[in-house]
Amino acid sequence: MTELDNYLATHYLDEVQLAAASGLSIDEHRALIRDRLVPAPSYVVSDSGTVSSFVFGEMAAPGSKPGHYFHPSQLAWIARARSALADGAADDAEVRLKEQFAANFAAALSSLNRSTLRLRDSFDDQGAAIPDGLHTRTDTAWTYFLNGTFGLCVANPISEAHIAHKEVLQEKLTQHSENGQRKAYPKHELAAMEQLIDAYASAAMPFSPVEYARSSRKRLVEDLRAGLSANPA
């Protein structure tokens, strides 16, 4: 087994495993993806020795086991999709699922706006939603959800709240660290930065060995933490 195989076996389910766990056939699951009711695979390993993801594109992966790989949280989203299909017409299931996702994601962002980071594009100073900005965030999140991004980068993307938590922590850490470039902080800010790095590390996936060098985790966790220092000035 390659290092990529080990990573995927540890953190993901292939289509056969997912079918067994969900009670769906592979064709039925692929139909849910095609109809935009559940996320696409986070990784696709080809017969020609490459691995592809929406986040990193195509990369060399010689010797790795071909297949479509999904985060185990896919089971929760499959259950939600099946419930939506059971509750109404199939032709508007995507609309209803998107509306549910957007409402839940917006509620999570509202809470994070109060507790974690002021999202000034989406909420005013009284905490009321700014419709255009909030819609942009929820619409973008739905797109990334469907293309498998969150299954690749969020440690436990089992709900909109878990996804939003990781995304906002990354936004806050990116802002405060100038995208990982700022390493020196006044002593009174250093402990808070260390706590923020730890929180983000817990919320984010470790990333595969193939993409790790290009990942936000390397930049915002390992590299930033290694270079972090107190600046008395």
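What volume does the largest cavity have? About 100 Å³. The model is predicted. A search of the whole structure finds 2 cavities of 30 Å³ or more.

**Empty space**

Rolling a probe the size of a water molecule over the atoms shows where empty space is left. The table sets out the volumes and the lining classes.

| Space | Volume | Nonpolar lining residues | Polar lining residues | Charged lining residues |
|---|---|---|---|---|
| Largest pocket | about 480 Å³ | 12 residues | 6 residues | 4 residues |
| Largest cavity | about 100 Å³ | 8 residues | 6 residues | no residues |
| Second largest cavity | about 40 Å³ | 6 residues | no residues | 1 residue |

**The largest pocket**

The largest pocket holds about 480 Å³ of space. Its lining counts 22 residues. Closest to the pocket centre are Tyr144, Phe150, Lys166, Glu167 and Gln170. Four elements each give two or more residues to this lining: α5 (93–115), α6 (131–146), α7 (149–153) and α8 (160–177). The most comes from α8, with 6 residues. By class, 12 lining residues are nonpolar, 6 are polar and 4 are charged.

**The largest cavity**

Here 14 residues form the lining. Pro39, His71, Ser73, Gln74 and Gly151 lie nearest the centre of the largest cavity. At least two lining residues come from α4 (74–87), and at least two from α7. The lining of the largest cavity has no charged residues. Its classes are 8 nonpolar and 6 polar.

**The second largest cavity**

The second largest cavity has a volume of about 40 Å³. Its lining consists of Leu37, Trp77, Arg80, Ala81, Leu97, Trp142 and Phe145. Both α4 and α6 give two or more residues to this lining. The most comes from α4, with 3 residues. The class count is 6 nonpolar, no polar and 1 charged.

**A nonpolar surface patch**

Which residues form a nonpolar patch on the surface? They are Phe54, Val55 and Tyr144. Together they have about 280 Å² of accessible area. Tyr144 is also among the residues closest to the centre of the largest pocket.

Where is Phe54 found? Phe54 sits in the loop between β3 (50–53) and β4 (57–60). Why does Phe54 count as exposed? Phe54 counts as exposed because its relative accessibility is 53%, and the exposed class begins over 50%.

Key
Residues are numbered from 1 along each chain as its sequence is written. This is a predicted model: local features need pLDDT of at least 70, side-chain atom pairs count only at pLDDT 80 or more; totals for chains, interfaces and linings use all residues. Side-chain values use heavy atoms; hydrogens and water are left out. Patches are made of residues with over 30% relative accessible area and no salt bridge: like charges are joined within 9 Å, nonpolar side chains (Val, Leu, Ile, Met, Phe, Trp, Tyr) within 5 Å. Accessible areas come from the Shrake-Rupley method with a 1.4 Å probe; for residues, only the protein chains shown count as cover. A salt bridge is a side-chain nitrogen of Lys or Arg within 4 Å of a carboxyl oxygen of Asp or Glu. Buried means under 20% relative accessible area, exposed over 50%, partly exposed in between (1.4 Å probe, protein chains only). On a 1 Å grid over the protein atoms alone, a cavity is a set of points where a 1.4 Å probe fits but cannot get out, and a pocket is an open set with protein on both sides within 12 Å along at least five of seven lines; lining residues have an atom within 4 Å of a point. Grid points are joined across faces, edges and corners, and a volume is the space filled by probe spheres set on the points. Ala, Val, Leu, Ile, Met, Phe, Trp, Tyr, Cys and Pro count as nonpolar, Asp, Glu, Lys and Arg as charged, and the others, Gly among them, as polar.
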